[in-house]
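Colleague: Could you take me through one spot in this model up close, and then work outwards from there to whatever else you think deserves a look? Take your time over it, and give me the numbers as you go.

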Amino acid sequence: MVYFTAPETAKLHAAEEKAVQRCMRENGFSYTPTPSPVDRWEPDNPYGLLGENQSRVEGYGITPRILEQPEHTAPPQSRFPTEARGYPSKKKVGSERWQRALLGTRQQTVDLPGGGQVLVPENGCVAESRRKLYGADWERLYYLFQTLSNRVITEVTENSYVRAAQTRWAECMAEDGYAVATMEEARARVTRKVEDADRNAAAVRTAVRTELRTALADARCQQKVSLRRAFQTAQEGSEQKLLSQYAPELHRLRTLRNRAVAKASAETDADADGPVRTEGAHS
């Protein structure tokens, strides 16, 4: 419930930015929507699990990801939290009133399981637009389950059953000529080789071949030792413990999430059909 597909992220971001622009205009300010922060190379699972067919064609996705980014590029912006959005600086917009209209003047504290806290805008166009798109309870529920999700991932990676499976995976990789203790180490070696290639054509081709061979061996060993099943079993056990405690909150988050995605998709489809006149809009 706290993860979105790339198309969902793009639609939600576009809908939110459009709402922010409309809100700023109603307050007498101009605002240019920021590009979608979608990172198409983001893995679809947090554990580094691979499918054999995908790894044969794409490897880990490391080479294109590195080569497509210019040097000194900032990390992709996140829609969460607001502070990471990268809005224009005061010097660029030339008005503190513009900043206050956008980000508001008050913040609310969201308490997290385990004692942590997150500050989110309580007023301003960003906060207003997010409430309209996601619902008033979204911030609290999103950060609650983001924290719980991270807790699950930690518990799963530390699970004795998973660790035993990873030991068998490392033994399998060693038989194929890869002396790596963890999946992270296998990826790190490929990353270093791609970075060392420094866009030299011959070196890049060598790095690509290395990545494809390593990823394919990785995927086959994962399959051989049933690593995916080990992770899945451990995750289900960890999630069930939390669901017994937070089931109503998860149901509410799912409802808000589905509504937001549906609303953003409808707006995107409407934009694709042609320009729609917004009530109260002005040049």
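Modeller: Let's start with Arg-213, which sits in helix 10. Keep in mind throughout that this is a predicted model. Is Arg-213 buried, partly exposed or exposed? Its relative accessibility is 49%, so Arg-213 counts as partly exposed; the exposed class begins over 50%. Arg-213 also has company: together with Lys-193, Arg-205 and Arg-209, it makes up a positive surface patch. Which element gives the patch its largest share? That's helix 10, residues 201-224, with three residues.

Follow the chain out of helix 10 and you get to Ser-226, in the loop that leads on to helix 11 (227-273). Have a look at the backbone there: Ser-226 isn't a glycine, yet its phi is positive, at about 60 degrees. With a relative accessible area of 42%, Ser-226 is partly exposed.

Before going further, here's the overall layout. The protein chain has 11 helices and two strands. Read from the N terminus, the order is α-α-α-α-α-β-β-α-α-α-α-α-α. As for burial, 39% of the 283 residues in the protein chain count as buried.

Now to the charged pairs. How many salt bridges does a search of the whole structure find? The total is 12. One of them joins Arg-106 to Glu-122, with 3.9 Å between the closest N and O atoms; the limit for a salt bridge is 4 Å. Arg-106 is in the loop between helix 5 (96-103) and strand 1 (107-111), while Glu-122 is in the loop from strand 2 (117-121) to helix 6 (125-134), so the bridge ties together parts 16 residues apart in sequence. Arg-106 is partly exposed at 44% relative accessibility, and Glu-122 is partly exposed too, at 33%.

Helix 9 offers another bridge. Arg-189 and Glu-185 meet there through their side chains, at 3.1 Å from N to O. The two are four residues apart in helix 9 (residues 183-197), which means about one helical turn separates them. Arg-189 comes out as partly exposed at 38%, and so does Glu-185 at 27%.

Then compare that with Glu-139 and Arg-130. Their side chains form a salt bridge at 2.6 Å, N to O. Are these two residues buried or exposed? Glu-139 is buried, with a relative accessible area of 14%, and Arg-130 is buried as well, at 3%; the cut-off for that label is under 20%. There's a third partner to notice: Glu-16 joins Arg-130 and Glu-139 in a network of salt bridges.

The rings are my last stop. A pair of aromatic rings is described by how far apart the centres are and by the angle between the planes. With centres required to lie within 6.5 Å, the count is seven aromatic pairs. Take Phe-4 and Trp-138: the ring centres are 6.4 Å apart and the planes are at 45 degrees, so this pair is tilted. What does the pair tie together? Phe-4 belongs to the segment before helix 1 (6-26) and Trp-138 to helix 7 (residues 138-157), so the contact links parts that are 134 residues apart in sequence. Phe-4 is buried at 18% relative accessible area, and Trp-138 is buried at 1%.

Trp-138 pairs with Tyr-142 as well, and here the centres are 5.7 Å apart with the planes at 25 degrees, so the pair is stacked. Planes under 30 degrees apart are what earns that label. Trp-138 and Tyr-142 are four residues apart in helix 7, so about one helical turn lies between them. Tyr-142 is buried, at 5% relative accessibility.

Put the ring pairs together and you get a cluster of Phe-4, Tyr-134, Trp-138, Tyr-142 and Tyr-143. So if you're clicking around, I'd view that cluster alongside the network of Glu-16, Arg-130 and Glu-139, then go back to Arg-213 and the positive patch where we began.

Terms used: Residues numbered from 1 in each chain as written. Predicted model: local features only at pLDDT ≥ 70, side-chain atom pairs only at ≥ 80, totals over all residues. Heavy atoms only, no water. Patch = residues over 30% accessible without salt bridge, like charges linked within 9 Å, V, L, I, M, F, W, Y side chains within 5 Å. Areas by Shrake-Rupley, 256 points an atom, 1.4 Å probe, with all protein chains shown as cover. Lys, Arg positive; Asp, Glu negative; His and termini not counted. Charge placed at Lys NZ, Arg CZ, Asp CG, Glu CD. Buried < 20%, exposed > 50% of the residue type's maximum accessible area, 1.4 Å probe, protein only. Phe/Tyr/Trp six-rings, centres within 6.5 Å; stacked < 30°, edge-to-face > 60°.
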